[in-house]
Amino acid sequence: MSSRWSDRVSQALGLRLAAWYLGTFLASTLVIGGLTYGLLASSLEARDHDVIQSTLREYAARYQAGGLPALARAIEIEQRSGRREPLFVRLVGPFEDVLLYSLPETWGAFDLSELAGGPNAIWGQVRARDRNAILEVATLPLGGGTVLQVGKTSESRDELLSRFRRVLLLGLTAALVIGIAGGLFLTRSTLKPLRDLRDAVQRILNTGQTNDRVPVYGTDDAVDELSDLFNAMLARITTLIDGMRNALDHVAHDLRTPMTRLRVMAETALATNDPVKQREALSDVLEESDRVLSMLTTLMDISEAETGTMMLTRSAVDVTTLVAEVIDLYEDTADEARVAVSASVAPGLVVSADRDRLRQALANLMDNAIKYTPAGGRVEVAAAREGASVVIRVRDTGAGIPAHDLPRIFDRLYRGDQSRATRGLGLGLSLVRAYIEAHGGTVEVESAPGTGSTFTIRLPNSREEPS
Ligand code: ADP
């Protein structure tokens, strides 16, 4: 992914977002402006019609009551007093003779012959000859062929609307400017986390450093969540890579000594011509290579569990059955060592665990307990629920562990001074701890020389029934 290409993609995306924002902003401004304009135009028209109609009714009543003079007087008084806005008034007799006529001088010239008369023409319109205005006229038959007409020019209304249109245009121009600026700002700020993400990926690709992180702005939106997840993924990758690197270093380091030993044995075999000694050396080589193989497998298992790459096949494991299996496995060894083994497990105890790995951990503790307990001693396995955990204890009445050994017994390849004579690789407890911690649990030891040791496994509780 070249940076120019990604720049172009982000620019295109930015432009698209800005265009969408601008379009939506303009469209909504247009709709609101158009609706306001339409509402204003129709309410102004309705108001003019109301004025015309009410005046028409009033003048008709005056005419009915006092005839033409009364009507003429009423019009004159109103025009002089300025009580009512000036209107067009015409009274047409039965023979098309105009009995009364009043048209404000400022309204311009209208060809009134275009006005349809007759008893049914309620609303009519005449366009001004000298300007862009319309005279709207309402006609009311008064009986006997006489009709009364009252009208009003649309000029003032048109002027108001045209002023409104100018304001609207100004508003739209402002909306366009705000829309462009807002769109650009919004796009820039929306795409900022994505640009950060792209830059981080680019940097990681260039340098191979997975400890780089994307800034998280704490806005709690989807993009922020993506950055958070991306950082979590980077942290996990870093842990895995570091873990694998460490594991490789450890294994390489741990294998150096046995491999050197193996080499020395092979050299010894080659250096002698005595076939008996050669056979002995070869048999030692075989034994040592078995140890190396077993060590390699265990070291890989420990590393896998410690780095979190181990796939645990979890199921509901019945602790009673598991303890019984392990005790069964060590029955002969315990008999041989003349160590009494007993178990006390609370009924119905179930943990969600990888059955084989949990069995292996328990077996390692059991193996040590029997191995480091002199004849006549006791080993006891107890399991119970304690608060939110299931606790399994392996207690022995053996030699105990000296205080200076205690902090180191879980280290890889560490063997207590007094244990050198016994078989072992010094990996048993490391494996126990790696497996138990991979399950989210803990393992602890309490021991004092001469009084025996107690190893305690604590696992998160599971109330599932055994499968
Ligand atoms: P290994 O048993 O192969 O030496 P482990 O990792 O299992 O290796 O144990 C590490 C050391 O811890 C042992 O060498 C021993 O000194 C001490 N240890 C472990 N379990 C016991 C125990 N039950 N009693 C006394 N010492 C123990």
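Visitor: Where is the place of Arg338?

Guide: This is a predicted model, in which local features need pLDDT of at least 70, side-chain atom pairs count only at pLDDT 80 or more, and totals for chains, interfaces and linings use all residues. Residues are numbered from 1 along each chain as its sequence is written, and side-chain values use heavy atoms, with hydrogens and water left out. Helices (DSSP runs of H or I, at least four residues) and strands (DSSP runs of E, at least two residues) are numbered from the N terminus. With those labels, Arg338 is found in the loop between helix H6 (331-337) and strand S7 (340-345).

Visitor: Is Arg338 buried or exposed?

Guide: Buried means under 20% relative accessible area, exposed means over 50%, and partly exposed is in between (1.4 Å probe, protein chains only). The relative accessibility of Arg338 is 61%, so this residue counts as exposed.

Visitor: What is the phi of Arg338 near?

Guide: Most residues other than glycine have a negative phi. Arg338 is a residue other than glycine with a positive value, near 55 degrees.

Visitor: Which other residue, in the loop between strand S1 (88-92) and strand S2 (98-102), can I look at?

Guide: That loop holds a residue other than glycine whose phi is positive, near 65 degrees. Its relative accessible area is 67%, so it is exposed. The residue in this loop is Glu96.

Visitor: Which residues is Ala375 in contact with, leaving aside its neighbours within four places in sequence?

Guide: Ala375 is in the loop between H7 and S9, and is partly exposed at 46% relative accessible area. Contact here means heavy atoms within 4.5 Å. Beyond its sequence neighbours within four places, Ala375 is in contact with Ala337 and Arg338.

Visitor: How many Å apart in space are Ala375 and Pro86, C-alpha to C-alpha?

Guide: The C-alpha atoms of the chain fill a box of roughly 155 × 55 × 35 Å along the principal axes. Ala375 and Pro86 are 289 residues apart in sequence, and their C-alpha atoms are separated by 128 Å.

Visitor: What is the radius of gyration of the chain?

Guide: The chain has eight helices and twelve strands. The radius of gyration is taken over C-alpha atoms, and the globule rule is 2.2 Å times the number of residues to the power 0.38. For 467 residues the rule gives 23 Å, and the chain is more spread out than a compact globule because its radius of gyration is well over that, at 51 Å.

Visitor: Which residues is Leu26 in contact with, leaving aside its neighbours within four places in sequence?

Guide: Leu26 belongs to helix H1 (residues 3-81). Leu26 and Leu176 are 150 residues apart in sequence, yet 6.6 Å apart in space, C-alpha to C-alpha. Without neighbours up to four places away, the contacts of Leu26 are Leu172, Ala175 and Leu176.

Visitor: Which element gives the largest share of the largest nonpolar core?

Guide: A nonpolar core is a set of buried Ala, Val, Leu, Ile, Met, Phe, Trp, Tyr and Cys residues joined through side-chain atoms within 4.5 Å. The largest one has 38 residues, and those touching the most other members are Val319, Val351, Leu362, Met366, Ile409, Phe455 and Ile457. Elements that give this core two or more residues include helix H5 (319-329), helix H7 (355-371) and strand S12 (452-460). The largest share, eight residues, comes from H7.

Visitor: Which residues does Leu362 contact, leaving aside its neighbours within four places in sequence?

Guide: Leu362 is one of the residues that touch the most other members of that core. Apart from its neighbours within four places, Leu362 is in contact with Leu322, Val323, Val326, Ile392, Val394 and Ile457.

Visitor: What is the relative accessible area of Val391?

Guide: Val391 lies in strand S10. Not counting residues up to four places away in sequence, Val391 touches Ala382, Ala383, Ala384, Glu386, Thr456, Ile457 and Arg458. Val391 is buried, with a relative accessible area of 1%.

Visitor: What is the relative accessibility of Ser389?

Guide: Ser389 is found in strand S10. Residues up to four places away aside, Ser389 touches Ala384, Arg458, Leu459 and Asn461. Ser389 counts as buried, because its relative accessibility is 18%.

Visitor: Which residue just after H8 takes a positive phi?

Guide: The buried residues of H8 include Leu429, Val432 and Ile436. Among what covers the buried residues of H8 are helix H4 (275-307), H7, S11 and S12. Just after H8, a positive phi of about 85 degrees is taken by Gly440.
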